[in-house]
2 protein chains.
Amino acid sequence: MARGGGNRQVRYVRRPVGRLEESSFAIEDAPMPSPAEGEVLVRTLFLSVDPYMRRQMLGTKGYAVPLREGDVMQGRGIAEVVESRHPARRVGEVVFGEIGWRLYAALPGEALRPVDRSVRPLSLHLGLLGAPGLTAWVGLTDHGRPQPGETVVVSAAAGAVGSLVGQIARLRGCRAIGIAGGAEKCAHVVRDLGFDACLDHRAEGLEEALRHAAPGGVQVYFDNVGGAVLDAVLPNLAMGARIALCGMIAHYNATGPIAFRHLQSLLDNCVTLAGFRIGFVAPERRAAAAAELLDWFRAGRLRWRETVSDGLETAPAALVGLFDGANIGKRIVRVAPAGG
Amino acid sequence: MARGGGNRQVRYVRRPVGRLEESSFAIEDAPMPSPAEGEVLVRTLFLSVDPYMRRQMLGTKGYAVPLREGDVMQGRGIAEVVESRHPARRVGEVVFGEIGWRLYAALPGEALRPVDRSVRPLSLHLGLLGAPGLTAWVGLTDHGRPQPGETVVVSAAAGAVGSLVGQIARLRGCRAIGIAGGAEKCAHVVRDLGFDACLDHRAEGLEEALRHAAPGGVQVYFDNVGGAVLDAVLPNLAMGARIALCGMIAHYNATGPIAFRHLQSLLDNCVTLAGFRIGFVAPERRAAAAAELLDWFRAGRLRWRETVSDGLETAPAALVGLFDGANIGKRIVRVAPAGG
């Protein structure tokens, strides 16, 4: 069914080599889709912008639908049902799903999950109660296994996942030390998020700085970064330390090998390292995570920050910015104002 | 009490930088020790030569007694009690302990553990029933957690630990693939030890060779080596793989950083890696290991090979040889013939 105002979409047109650039994307007009039987037409409200997307563009196995050049860019979002040819979906519902980077999409009704539209902003469903929140809670709880009094270190501490990891660590009675890029982010992490300390990995001597900040050693390291930051944390690990390996953003853009000096610490300190991905986590752990996060948030015990840009056309720059260290908090693109 | 024939000892005299060399040691005459009250005088029968000793020479924390230049070289051994001033130790007993590299030693009676002298050769107490055997069994069982039908890969497959890991894997119903240096070792691993395959890491293309040998991916990697061999195994890991990190011999002699291309596999494949050291393993797991290893050995289901050299003066070359890839099986120095 045709509508007033056309559709627009972002296509993935050029495979990134090394640094991701906006030239990997093209923004264009597109036909307004018509839902087939069993489908619904949705209007995009918010899109989530996440580091895994770069890997999806390279076709890395297991990272959502592998993308090929020419495809409409995939991406999770929150949308409003504007027309339904599916028995369970009603016009006006707000849904979560793989919406893609477009103003309107026709999608199978069963691929969309209704969300509580009383939660405001609705973008919380993409962050605190979405993949970043669940990732932080599950990774720290099940892989980091922090005990009260232990020291928890998290990299990309100003990011969506990291900002929660340190706060959850403190709620569990631990000391939380963040690592972030630049003085502004570090100040935010300590002042706004309540971490005990935050170290700037762009400054010289991260390894020594962490030795001073955690003289008794690090019991839990939640890593979002890999690379040189991981290598600086390794010699500071305590005997029996746990590493929750959540991301390796320093490796995603790398085209050559990455040098490590201190991997031997994994052996010397009897370290357990667990790589994990939220898509492979059991539903009951995800549910436990969402419940406790929402409790904490409603009780005012968790701070949550979003960086929001307006308009579908800002999505490519938002994704590129994740890899340029420009981001604080959860990165969101607001595509259209929420109705209702 | 003075005896006929003098004592001799090996001292650690020069800290190794890069490659370990025999010039780190000096062999010399020494006074015959006299046991004080509570001590026993022992005559060394066998000495164990192990990779951890190089780390002990560098003072790495947790690796037995850190050595300083000038110290008599430490080392575990089997010895015979020739004089006792300790109520629980009897002349003629065979004991295990930190004997050190010397013909005779006076040691506290409670630092020595009597062993079954009917086990022959007595050197089995240093290998199959000692640290290497326990390390292989505990690392594979508790950290590798192999399931029947899975593929288990082990590096340094011709060495003391590795040769057992592959055989235990097969006894547990797994496919065992070894990695070793050179055609001779690889032939030994397949022909004598019964591994399903063995790959030569000195040949080109280890990563591709493993891809052909394990087309369904590697579920368990027992690593004794680290470095380039680990980097070649990483992209071949299956989803949910486990790495038992037992040794990183490629790192011990390294003076600079080591480059990795494929660490990201730890994340992509949700890999669990556990660094472990036998000294930190619970006594009940060590006991379970020794019992099952002895059962298998007595039933003729485990092959065990030792490389033995004769004379205290061969100990430095034996240790250096561990890092030159010259070794097959457990490295033993026979210091004196066993009596009785």
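**Strands, salt bridges and an interface**

Hi everyone, let me start with one residue: E98(B) is partly exposed, with a relative accessible area of 26%. Before I go on, please keep in mind that this is a predicted model.

What does the side chain of E98(B) meet in a salt bridge? The partner is R76(B), with N to O at 3.9 Å. R76(B) sits in strand β4 of chain B and E98(B) in strand β5 of chain B, so the salt bridge ties together parts that are 22 residues apart in sequence. R76(B) is itself partly exposed, at 24% relative accessible area. The backbone tells a matching story, as R76(B) is also the bridge partner of E98(B) in β5(B).

Let's stay with that strand for a moment. β5(B) covers residues 94–98, and four of its five residues are buried, so the strand is largely enclosed by the rest of the structure. Which strands does β5(B) pair with? One is β4(B), residues 76–84, which pairs with β5(B) in the antiparallel sense over five bridges. Another is β7(B), residues 113–114, again antiparallel, over two bridges. In that second pairing, V95(B) stands opposite P114(B).

Now, on to more charged pairs. Over all chains, the search finds 40 salt bridges in the whole structure, and I'll pick out a few. In chain B, E292(B) and R172(B) form one, with their closest N and O atoms 3.4 Å apart. E292(B) belongs to helix α9 (residues 283–298) and R172(B) to the loop between α3 and β9 (175–180), so this pair ties together parts that are 120 residues apart in sequence. Both ends are partly exposed: E292(B) has 26% relative accessibility, and R172(B) has 23%.

R305(B) and D192(B) meet in a salt bridge too, at 4.0 Å from N to O. Here the link runs from the loop between α9 and β15 (306–310) to the loop between α4 (183–191) and β10 (197–200), parts of chain B that are 113 residues apart. R305(B) is partly exposed, with a relative accessible area of 36%. Over in chain A, salt bridges with shared partners join R19(A), E21(A) and D324(A) into one network.

Next, the interface. How much area do chain A and chain B bury between them? About 2700 Å², with 61% of it on carbon and sulfur atoms. On the chain A side, L263(A), Q264(A) and L267(A) lose the most area to chain B, and together they make up 21% of what that side buries. The contact draws 33 residues from chain A and 33 residues from chain B.

For polar links, there are two salt bridges across this interface. One of them joins the side chains of D268(A) and R55(B), at 2.4 Å from N to O. The count of residue pairs in polar contact between the chains is nine. On chain A, the elements that give two or more residues to this side are β12 (237–245), α7 (249–252), β13 (258–260), α8 (265–268) and β14 (272–275). β14(A) provides the largest share, four residues. By class, this side of chain A has 19 nonpolar, nine polar and five charged residues.

β14(A) deserves one more look. This strand pairs across the interface with β14(B), residues 272–275, in the antiparallel sense over three bridges. The bridge partner of L273(A) there is L273(B).

From β12(A), I'd like to show you R242(A). Is R242(A) buried or exposed? R242(A) is buried, at 9% relative accessible area. Its side chain reaches the backbone oxygen of G144(A) at 3.0 Å. Beyond its sequence neighbours within four places, R242(A) is in contact with residues including H143(A), E150(A), Y221(A) and T272(A).

Last, some backbone geometry. Most residues other than glycine have a negative phi, and most peptide bonds are trans. With that in mind, R120(A) and P121(A) are joined by a cis peptide bond, omega about -5°, and P121(A) lies in the loop between β7 and α2 of chain A. In chain B, a cis bond joins R120(B) and P121(B), with omega about -5°.

Two residues in chain B also have positive phi without being glycine: R145(B), at about 45°, and A156(B), at about 50°. R145(B) is in the loop between α2 and β8, and A156(B) in the loop between β8 and α3. R145(B) is partly exposed at 38%, and A156(B) is partly exposed at 33%.

Thanks for listening!

Conventions
Residues numbered from 1 in each chain as written. Chains lettered and ligands numbered in written order. Predicted model: local features only at pLDDT ≥ 70, side-chain atom pairs only at ≥ 80, totals over all residues. Heavy atoms only, no water. Contact = heavy atoms within 4.5 Å. Buried area = accessible area lost by both parts, 1.4 Å probe. Polar contact = N/O pair within 3.5 Å; in protein donor to acceptor, adjacent residues only side chain to side chain. Nonpolar A, V, L, I, M, F, W, Y, C, P; charged D, E, K, R; others polar. Pairing = 2+ DSSP bridges. Buried < 20%, exposed > 50% of the residue type's maximum accessible area, 1.4 Å probe, protein only.
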